Structure formats: C-alpha cells, structure tokens
Amino acid sequence: MRLLHLLDKQKASAAAITHLPNVRYLSGFTGSNAILLISGRGATLYTDPRYDIQAHQEVQCSVRIVRGPLWPEVAREIAKRRLPTVALEADKIPHANWLEVAKLLGKGVKLRPMQGVVESLRSVKSPGEIATIRQSVQVNSKALAQTLKRVKPGMTELAVAADLDYRMRGLGAEAAAFETIVASGVRSALPHARPTAEKLKNDQVLLIDMGASLDGYASDMTRVVHLGKPGARIRGLYEAVLEAQLQAIAAVKPGASCADVDEAARGALRKRKLDRYFTHSTGHGLGLEIHEIPRIGAKVETVLQPGMVITIEPGVYVEDFGGVRIEDTVLVTETGVEVLTPTTKEFVVLAS
Ligand code: ZN
Ligand code: ZN
C-alpha cells in the first residue's frame with residue numbers, strides 16, 4: 001500500500017485518518033462519522049451504529065462499530081498494538097481533539113503531524129475516478145443546457161440556481177458540488193456571489209458557476225451568457241478572458257508547473273492591461289472535494305502529472321460594471337491536456 005510507504009517516510013508506525021474525503025478515498029466509506037486507523041497490520045474503520053450495515057457494505061478492511069465517541073476506542077487499540085508513533089492530519093483535526101488524543105494515549109505514544117499526504121495521492125486520479133469525473137462533467141453541462149432554455153428576464157437568480165440544482169439531480173448527480181453561483185448584471189463582478197432574489201433583466205450579463213457531485217466526484221464550470229445583444233465593452237472583456245483561458249489550457253501538460261499555467265492566463269490579460277481585474281488563481285484540482293491540490297496559482301511550483309484533473313478559470317471583475325469568468329474542468333494527459341467540459345465557449349446570447 002502506497003500510504004504505508006509514505007508513513008514510513010514520516011517515521012510513523014500508524015496513521016489515524018479523520019478527514020472524511022480521505023477516509024472515503026482510502027476505504028470507500030461514505031458515512032459522516034469515522035476514523036480510519038492504518039498500520040502495518042492493515043486498516044480498521046471505526047464508526048457508530050448508524051453506519052453498521054453501510055460500513056460493512058462499502059468497506060473491504062475490518063470494521064469496528066463503536067457506541068459513543070470513537071477516539072477512546074481507537075486509542076485503546078493503539079495502546080494494545082503498542083504502536084509507538086501515530087500520524088494525525090494536523091491541518092484537519094481540531095486542536096481540542098489533538099489534545100484529547102494525546103491525553104488518551106499518554107506519554108508512551110508520540111503523535112506526528114501529517115499534512116497533505118493522502119491529498120497528494122488523491123491529486124493523481126485513477127482511470128475509474130477519471131471515468132466518474134467525466135460523467136459528473138457531462139451531467140453538469142447537460143443541466144446548464146436545460147436550464148438556459150428556460151432562463152428569461154423576470155426570473156430571479158435564486159430561481160435559476162434552484163432550476164440548475166434540480167436538473168443536476170434529475171440527471172443523476174446526488175447533489176451540487178458547491179453552492180451554485182448565479183450572478184446577474186453588476187453582481188457578476190463578485191467572484192463568489194450568492195444567488196439573490198434579484199430579477200434578471202434585459203441587456204445584462206449572467207454568470208453561472210456550477211458543479212455536480214456524482215458518486216462523490218465533483219465537476220466545475222463557469223459560463224457567462226448575455227440577455228439581449230451584448231455591448232462592445234462586455235464583448236471585449238469576454239474575448240480577453242476567453243483568450244487567457246485558451247492560453248492557460250494550451251500550457252497544461254505533464255512537467256509544466258502550476259505557476260507556468262497561471263502565468264499563461266495572467267500574461268494574456270496583462271497584455272490587455274486587464275490583469276489587475278484578475279484577482280484569484282487560475283484554477284484548482286478537484287475530485288472528492290471541489291477544491292483540492294494542486295492550486296493553479298502564481299507561486300505554486302507543483303509539477304503537473306498525467307491523471308491530474310484541474311480547473312482553468314481566469315476571470316475579470318470590474319466594479320459597478322460586471323464580471324466574466326470562463327471555467328472548464330480539464331484532464332492532464334500523457335501528452336498534454338483534454339478539456340472535459342463540452343459546453344460551448346462562444347459568448348451565448350439569450351434572445352429576450
Ligand atoms: Zn467554479
Ligand atoms: Zn473552480
């Protein structure tokens with residue numbers, strides 16, 4: 001098991017995994033309360049009686065059903081097996097829990113902070129995971145196409161978001177991967193706008209950022225459409241962002257650093273003096289979580305590898321005018337990149 005090798009490198013004899021997406025990745029368990037104890041003797045999943053049936057259905061490793069808090073039981077097992085050092089996910093476990101575990105284990109057991117270890121395994125997707133992400137992306141794009149047929153002036157942002165969420169589920173997603181963003185007019189200048197009761201109007205831009213969660217795997221896409229004929233200024237911004245997005249996608253290949261990809265987008269906007277309106281990073285990994293490593297940002301030296309699935313999503317946001325972001329989910333292949341998102345990137349005009 002690759003994780004044991006990594007534990008070795010951390011000089012830990014065991015790891016107690018608590019971050020649920022990591023538990024799911026390593027064991028297959030999808031419930032909401034679990035600790036996965038991993039050592040040279042194998043893995044044991046600790047959960048509570050609500051998940052008795054489910055855990056036995058989902059998990060290959062041994063399962064321990066615990067009434068009450070899980071940690072005392074895990075600590076008992078660590079003591080029984082005389083495991084000298086146990087790694088905990090330092091960036092995921094609440095400080096109070098860390099202290100509690102230290103107290104339960106006593107001075108004989110050393111706790112080692114572990115960070116990003118399972119996440120780095122997760123950053124390179126298996127063929128099965130890639131197949132699931134493809135489905136998630138398809139559902140996401142189909143839902144958008146279905147909703148756009150119904151969008152018209154007078155509809156609220158909230159109604160558009162509700163329709164998108166409804167259609168994603170109707171098409172097979174278990175949920176939206178994150179709170180669907182629908183922002184109309186000047187509100188599109190807020191990169192993470194929550195949908196409001198604001199009604200869509202004619203001659204306005206409409207920004208939609210949505211993702212499906214399908215069998216646990218996220219997709220992520222942003223499109224900007226226009227209600228009525230767009231003016232020159234918004235068309236200019238759209239063209240600039242599209243060019244930046246295409247250049248960033250062209251920079252995606254094995255061996256390229258995340259910083260290289262970010263610079264491809266940022267440089268394209270800089271040429272048009274629009275880089276100051278591009279206020280976030282170019283993208284992020286996604287999978288069991290909507291934001292995973294690697295982050296596609298200016299100082300990130302992480303090198304892209306085949307099997308990584310990332311987003312490419314440059315944007316420009318002009319206060320009191322509006323914003324444009326174009327986002328695709330893409331796969332790093334052996335030779336370059338495959339754009340998974342099938343939705344058109346032409347500036348779609350919805351007739352009013
Ligand atoms: Zn997004
Ligand atoms: Zn995103």
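I take buried to mean under 20% relative accessible area. The model I am reading is predicted.

**Entry 1: zinc ion (ligand 2)**

I started with this ion and listed its protein donors. They are D220 (OD), H284 (NE2), E313 (OE) and E327 (OE). These donors lie 2.1 to 2.2 Å from the zinc ion (ligand 2). I then wrote down their spacing in sequence, which is D-x63-H-x28-E-x13-E. H284 sits in strand β13 (residues 283-285). E327 sits in the loop between β17 (322-325) and β18 (328-332). The pair is 43 residues apart in sequence, so it ties together separate parts of the chain. Are H284 and E327 buried or exposed? I checked, and both H284 and E327 are buried.

Next I looked at the geometry. The angles among the 4 donor atoms run from 78 to 151°. Tetrahedral would need all angles between 85 and 135 degrees. I noted the site of the zinc ion (ligand 2) as irregular.

**Entry 2: zinc ion (ligand 1)**

Which residues hold the other zinc ion (ligand 1)? I found D209 (OD), listed twice, with D220 (OD) and E327 (OE). The distances are 2.1 to 2.6 Å. Along the chain the spacing reads D-x10-D-x106-E. D209 belongs to strand β9 (residues 204-210), and D220 to the loop between β11 (217-218) and β12 (221-227). D209 and D220 are 11 residues apart. Both are buried.

Why is this arrangement irregular? The 4 donor atoms around the zinc ion (ligand 1) subtend angles of 55 to 149°, which makes it so.

**Entry 3: the two ions together**

How far apart are the zinc ion (ligand 1) and the zinc ion (ligand 2)? I read 3.1 Å. D220 coordinates both. E327 also appears among the donors of the zinc ion (ligand 1) and among those of the zinc ion (ligand 2).

**Entry 4: helix α9**

I moved on to helix α9 (residues 232-251) and checked its length. Its 20 residues should span 28 Å at 1.5 Å a residue. The end C-alpha atoms are 29 Å apart, which agrees. I also looked up its buried residues. Among them are I234, L237, Y238, V241, L242, Q245 and I249. Several alanines are on that list too, including A240, A244, A248 and A251.

**Entry 5: α9 against α10**

How do α9 and helix α10 (residues 258-271) pack? I noted an angle of about 155°, with the axes 8 Å apart. That makes α9 roughly antiparallel to α10, because an angle over 145 degrees counts as such. The crossing of α9 and α10 is right-handed.

Notes. Residues are numbered from 1 along each chain as its sequence is written. Chains are lettered from A and ligands numbered from 1 in the order in which they are written. This is a predicted model: local features need pLDDT of at least 70, side-chain atom pairs count only at pLDDT 80 or more; totals for chains, interfaces and linings use all residues. Side-chain values use heavy atoms; hydrogens and water are left out. Donors are N, O and S atoms within 2.8 Å of the metal (3.2 Å for Na, K and Ca); water is not among the atoms, so sites may look incomplete. Four donors count as tetrahedral if all angles lie between 85 and 135 degrees; four count as square planar and six as octahedral if opposite donors are over 155 degrees apart and all others between 65 and 115; anything else is irregular. Helices (H or I, at least four residues) and strands (E, at least two) are DSSP runs, numbered from the N terminus. Buried means under 20% relative accessible area, exposed over 50%, partly exposed in between (1.4 Å probe, protein chains only). The expected span of a helix is 1.5 Å times one less than its number of residues. Axes are lines fitted to C-alpha atoms, for helices over the stretch in contact, and angles run from 0 to 180 degrees between N-to-C directions. Angles under 35 degrees count as roughly parallel, over 145 as roughly antiparallel, 65 to 115 as roughly perpendicular and the rest as oblique. A crossing is left-handed if the near helix is turned anticlockwise from the far one by less than a right angle, and right-handed if clockwise.
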